[in-house]
Amino acid sequence: MIGYEGHWRTVKKATTALGPMGGLAVVVTWEEGGSARFPAGDELLLGEPDSA
């Protein structure tokens, strides 16, 4: 699970991609639907499903 936009969301899939300026990014697809792209240098708040 990742804390994102004030809510805990369950990660369905995580991949890497190149951003528009050639930088590395992490692309996360949520179990709840949708996806988000994070620059590789971003810090993500992780937790176990029962800690949400």
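This is a guided tour of the structure, taken one selection at a time.

**The whole chain**

Begin with the entire protein displayed as a cartoon, and keep in mind throughout that this is a predicted model. The mean pLDDT of the protein is 82, and 88% of its residues reach 70 or more. If you colour by pLDDT, strand β6 (residues 45-46) has the lowest mean among the elements, at 68, whereas β4 has the highest, at 91. Where pLDDT is low, the predicted coordinates should not be read in detail.

The cartoon shows six strands and zero helices, so that reading from the N terminus gives β-β-β-β-β-β. Switching to a surface view, you are looking at about 3,800 Å² of exposed area, of which carbon and sulfur atoms supply 54%. Of the 52 residues, 19% count as buried. Among contacts with a separation of 6 or more, 27% are between residues 24 or more positions apart.

**The three-stranded sheet**

Next, select β3, β4 and β5, which form an open sheet in the order β3-β4-β5 with antiparallel pairing. The edge strands are β3 and β5 (35-39), each of which pairs on one side only. On average, and with direction ignored, neighbouring strands of this sheet are turned by 25 degrees against each other. Strands of a sheet pair through backbone hydrogen bonds, either parallel or antiparallel, and it is therefore useful to show the backbone atoms for the next two stops.

**The first hairpin: β3 and β4**

Narrow the selection to β3 (residues 11-18) and β4 (residues 24-30), which are antiparallel and joined by seven bridges. Two facing pairs can be picked out here: T16 stands opposite V26 in β4, and A17 stands opposite A25 in β4. The two strands form a hairpin with five residues between them, and in its turn G22 has a positive phi of about 90 degrees.

How many of the eight residues of β3 are buried? The count is zero, and the strand is hardly covered.

**The second hairpin: β4 and β5**

Keep β4 selected and replace β3 with β5, to which β4 is joined by five bridges, again in an antiparallel arrangement. V27 has R37 in β5 as its bridge partner. This pair of strands also makes a hairpin, with four residues between them, and G33 in the turn has a positive phi of about 110 degrees.

Now show the side chains of β5 and look at its two faces: A36 and F38 lie on the covered face, while S35, R37 and P39 lie on the uncovered one.

**The nonpolar core**

From the covered face, extend the selection to I2, V28, W30, A36 and F38, the five residues of the largest nonpolar core. The elements that give two or more residues to this core are β4 and β5.

Centre the view on F38, and leave aside its neighbours within four places in sequence. What does F38 contact? Its partners are Y4, A25, V26, V28, W30 and L44.

**Y4 and R9, from the first two strands**

Move on to Y4, which is found in strand β1 (residues 2-4). Beyond its neighbours within four places in sequence, Y4 is in contact with R9, W30, A36 and F38, so W30, A36 and F38 appear both in this list and in the core of five residues.

Then select R9, which lies in strand β2 (residues 7-9). Not counting residues up to four places away in sequence, R9 touches M1, I2, Y4, W30 and E32.

From both of these residues, draw a C-alpha distance to L46. Y4 and L46 are 42 residues apart in sequence and 9.6 Å apart in space, while R9 and L46, 37 residues apart along the chain, have C-alpha atoms separated by 9.7 Å.

**The last stop: D42**

Finish in the loop between β5 and β6, where you will find D42. Is D42 buried, exposed or partly exposed? With a relative accessible area of 41%, D42 is partly exposed, because that value falls between the cut-offs of under 20% for buried and over 50% for exposed. A C-alpha distance drawn from D42 to V26, 16 residues away along the chain, comes to 9.2 Å, and V26 leads back to the first hairpin, where it stands opposite T16.

Definitions and conventions: Residues are numbered from 1 along each chain as its sequence is written. This is a predicted model: local features need pLDDT of at least 70, side-chain atom pairs count only at pLDDT 80 or more; totals for chains, interfaces and linings use all residues. Side-chain values use heavy atoms; hydrogens and water are left out. Buried means under 20% relative accessible area, exposed over 50%, partly exposed in between (1.4 Å probe, protein chains only). Contact means heavy atoms within 4.5 Å. Accessible areas come from the Shrake-Rupley method with a 1.4 Å probe; for residues, only the protein chains shown count as cover. Two strands pair if DSSP finds at least two bridges between them. Axes are lines fitted to C-alpha atoms, for helices over the stretch in contact, and angles run from 0 to 180 degrees between N-to-C directions. A nonpolar core is a set of buried Ala, Val, Leu, Ile, Met, Phe, Trp, Tyr and Cys residues joined through side-chain atoms within 4.5 Å. pLDDT is the predictor's confidence in each residue, from 0 to 100.
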